[in-house]
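Reader: I have a structure to go through for class. Can we look at it together?
Author: Yes, put it up and ask as you go.

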Amino acid sequence: QSKREEVEAVTILETPPVVVVGIVGYIHTIRGLRTFKTIFAEHISDECRRRFYKNWSKSKKKAFTKYSKKWQDESGKKQLEKDFASLKKYCSVIRVIVHS
């Protein structure tokens, strides 16, 4: 055994409290990273949902209403499990979408 010190480079970020809203999986292609799949959380706050609108006050506020129903029924849960499994199998980079 060598008596060298092992050094690993790390980055520490100080952020305000954040909430994970979703995850995005990327795969390597010849041209670089390509989005493979995006999975959003079941409950997304109004402060976060309003970021997806150009004009929140005039909108019907329907963003993610159909997507959140995926988490309730059995077929949706099976599909989400398939999505998570494919993220683990194929993606080389996984990033989280956060909201402060």
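Reader: Start with contacts. Of those between residues at least 6 apart in sequence, how many join residues at least 24 apart?
Author: In the protein chain, 60% of them do. Keep in mind that this is a predicted model.

Reader: OK. What are the elements, from the N terminus on?
Author: The order is β-β-α-α-α-β. That gives three helices and three strands.

Reader: And what is the radius of gyration of the chain?
Author: The protein chain has 18 Å, while a compact globule of 100 residues would have a value near 13 Å. Taken along the principal axes, the box filled by its C-alpha atoms is roughly 65 × 35 × 30 Å.

Reader: How much of the chain is buried?
Author: Buried residues are 25% of the 100 in the protein chain. As for the outside, the accessible surface is about 8,800 Å², and carbon and sulfur atoms account for 52% of that.

Reader: Which residues touch the most other members in the largest nonpolar core?
Author: That core has 13 residues, and the ones touching the most other members are Val21, Ile39, Phe40, Ile44, Phe64, Tyr67 and Leu87. Two or more residues each come from β1, β2 (32–40) and α3 (74–90). The largest share is from β1, with three residues.

Reader: Why would nonpolar side chains be together like that?
Author: In soluble globular proteins, such side chains tend to be buried together.

Reader: Pick Phe40. What is it in contact with, leaving aside neighbours within four places in sequence?
Author: Phenylalanine 40 is in contact with Val21, Gly22, Phe52, Phe64, Tyr67, Trp71 and Ile97.

Reader: Phe64 came up twice. Where is it?
Author: Phenylalanine 64 is in the loop between α1 and α2. Its phi is positive, about 70°, although it is not a glycine. Lysine 61 also has a positive phi, about 60°, and is not a glycine either. Lysine 61 lies in the loop between α1 (46–49) and α2 (65–68).

Reader: Why does lysine 61 count as partly exposed?
Author: Because its relative accessibility is 31%, and partly exposed runs between 20% and 50%.

Reader: New topic. Which residues form a nonpolar patch on the surface?
Author: Val18, Val20, Val96 and Val98 do, with about 320 Å² of accessible area together.

Reader: Where is valine 20 found?
Author: Valine 20 is in strand β1, which covers residues 19–29. Valine 20 counts as partly exposed because its relative accessibility is 47%.

Notes: Residues are numbered from 1 along each chain as its sequence is written. This is a predicted model: local features need pLDDT of at least 70, side-chain atom pairs count only at pLDDT 80 or more; totals for chains, interfaces and linings use all residues. Side-chain values use heavy atoms; hydrogens and water are left out. Patches are made of residues with over 30% relative accessible area and no salt bridge: like charges are joined within 9 Å, nonpolar side chains (Val, Leu, Ile, Met, Phe, Trp, Tyr) within 5 Å. Accessible areas come from the Shrake-Rupley method with a 1.4 Å probe; for residues, only the protein chains shown count as cover. A salt bridge is a side-chain nitrogen of Lys or Arg within 4 Å of a carboxyl oxygen of Asp or Glu. Helices (H or I, at least four residues) and strands (E, at least two) are DSSP runs, numbered from the N terminus. Buried means under 20% relative accessible area, exposed over 50%, partly exposed in between (1.4 Å probe, protein chains only). A nonpolar core is a set of buried Ala, Val, Leu, Ile, Met, Phe, Trp, Tyr and Cys residues joined through side-chain atoms within 4.5 Å. Contact means heavy atoms within 4.5 Å. The radius of gyration is taken over C-alpha atoms; the globule rule is 2.2 Å times the number of residues to the power 0.38.
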